[in-house]
Amino acid sequence: MPDCIFCKIIEGKLPAQKVYENKDLVAFLDIHPINPGHTLIVPKEHCRNLLDMPERLIEKTFVAAKKIAEAVQKGTNAEGINVGMNNEPASGQVVFHAHIHIIPRYNNDGLKLWPGKPYQDGQAREIQKRILAELPKEIFC
Ligand code: AMP
Ligand code: ZN
């Protein structure tokens, strides 16, 4: 995809500190890490984000993310790992080539969790109903 930073890294036209590569994906250090070792897992096929990734690629990318997360955790002596994906601008996505963040975390690294807020009366049931209506029945046990 022209003008896509991550496609350029995949094609070798832009530099990156790679930690893993296979035929389907590449993993490299985030240029602006939340903590040192913050790594991005990037499928080679250009997809905008999780919502338009084919299932076979989701499987390969998340299985690799788990293995790479273990290596990042050991390599950085992290006490925890955040695994996350931003999808669309409202969620914070700024690079529109799908990627999973692997972020080393420490008990006293000063980063806060997202603030939660309580549901209002009946709101959780209403949201549950709307989500259930969008999901195929066969995924429920
Ligand atoms: P997101 O908000 O999920 O789209 O995150 C995009 C991430 O890509 C940010 O954490 C950036 O620091 C990172 N990033 C942007 N350009 C580069 C680059 N050339 N090499 C490595 N990481 C990058
Ligand atoms: Zn791309």
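Q: In which loop of this predicted model is the place of Asn77?
A: The model is predicted. Helix α2 covers residues 55-76, and Asn77 is placed in the loop that follows. That loop is the one between α2 and β4.

Q: Is Asn77 buried or exposed?
A: The relative accessibility of Asn77 is 63%. Residues over 50% count as exposed. Because its value is 63%, Asn77 is exposed.

Q: What is the phi of Asn77, a residue that is not a glycine?
A: Most residues other than glycine have a negative phi. Asn77 is not a glycine, yet its phi is positive. The value is about 55°.

Q: Which residue in the loop between β4 and β5 has a positive phi near 85°?
A: The residue is other than glycine and has its place between β4 and β5. With a relative accessible area of 26%, this residue is partly exposed. It is Glu88.

Q: What pattern of helices and strands does the protein chain follow?
A: The protein chain has three helices and five strands. Its C-alpha trace spans about 50 × 40 × 30 Å along the principal axes. Read along the sequence, the order is α-β-β-β-α-β-β-α.

Q: What percentage of the residues in the protein chain is buried?
A: A residue counts as buried under 20% relative accessible area. The protein chain has 141 residues. Buried residues make up 30% of them.

Q: Which residues coordinate the zinc ion (ligand 2)?
A: The donor atoms lie at 2.0 to 2.3 Å from the zinc ion. Along the chain the donors follow the spacing C-x2-C-x38-H-x50-H. The cysteines give SG atoms and the histidines give ND1 atoms. The residues are Cys4, Cys7, His46 and His97.

Q: What is the geometry of the site of the zinc ion (ligand 2)?
A: The zinc ion has four donor atoms, with angles of 102 to 115° among them. Four donors count as tetrahedral if all angles lie between 85 and 135 degrees. The site is tetrahedral.

Q: Is Cys7 buried or exposed?
A: Cys7 gives its SG atom to the zinc ion (ligand 2). Its relative accessible area is 6%, and Cys4, another donor, is buried as well. Because its value is 6%, Cys7 counts as buried.

Q: How many disulfides does a search of the whole structure find?
A: Cysteine sulfur atoms must lie within 2.5 Å to form a disulfide. For Cys47, which is buried at 3% relative accessibility, the nearest cysteine sulfur is that of Cys7, 9.5 Å away. Cys47 is in no disulfide, and the number found in the whole structure is zero.

Q: Which residues come nearest to ligand 1?
A: There are 16 residues around ligand 1. Two of the nearest are histidines, one at position 99 and one at position 101. The full set is Asp30, Gly92, Val94, His99 and His101.

Q: What percentage of the accessible area of ligand 1 does the protein cover?
A: An oxygen atom of ligand 1 is 2.9 Å from a polar side-chain atom of Asn86, and one is 2.8 Å from a polar backbone atom of Val94. An N or O atom in the side chain of His101 lies 2.7 Å from an oxygen atom of ligand 1. On its own, ligand 1 has 510 Å² of accessible area, and the share covered by the protein is 84%.

Q: Which element gives the largest share of the shell around ligand 1?
A: The elements that give two or more residues to this shell are α1 (5-10) and β2 (25-29). The largest share is three residues. The element that gives these residues is α1.

Q: Which side chain makes a polar contact with the side chain of His99?
A: His99 lies in the loop between β4 and β5 and is buried, with a relative accessible area of 7%. Its side chain reaches the backbone oxygen of His97 at 2.7 Å. The side-chain partner, at 3.5 Å, is His101.

Q: Which backbone oxygen does the side chain of Arg105 reach?
A: Arg105 has its place in strand β5. At 16% relative accessibility, Arg105 counts as buried. The side chain of Arg105 reaches a backbone oxygen at 3.4 Å, that of Leu111.

Technical notes
Residues numbered from 1 in each chain as written. Chains lettered and ligands numbered in written order. Predicted model: local features only at pLDDT ≥ 70, side-chain atom pairs only at ≥ 80, totals over all residues. Heavy atoms only, no water. Donors = N, O, S within 2.8 Å, 3.2 Å for Na, K, Ca; no water. Tetrahedral: all angles 85-135°; square planar, octahedral: opposite > 155°, others 65-115°. Buried < 20%, exposed > 50% of the residue type's maximum accessible area, 1.4 Å probe, protein only. Near = heavy atom within 4 Å. Polar contact = N/O pair within 3.5 Å; in protein donor to acceptor, adjacent residues only side chain to side chain. Areas by Shrake-Rupley, 256 points an atom, 1.4 Å probe, with all protein chains shown as cover. Helix = DSSP H or I, 4+ residues; strand = E, 2+ residues; numbered from the N terminus.
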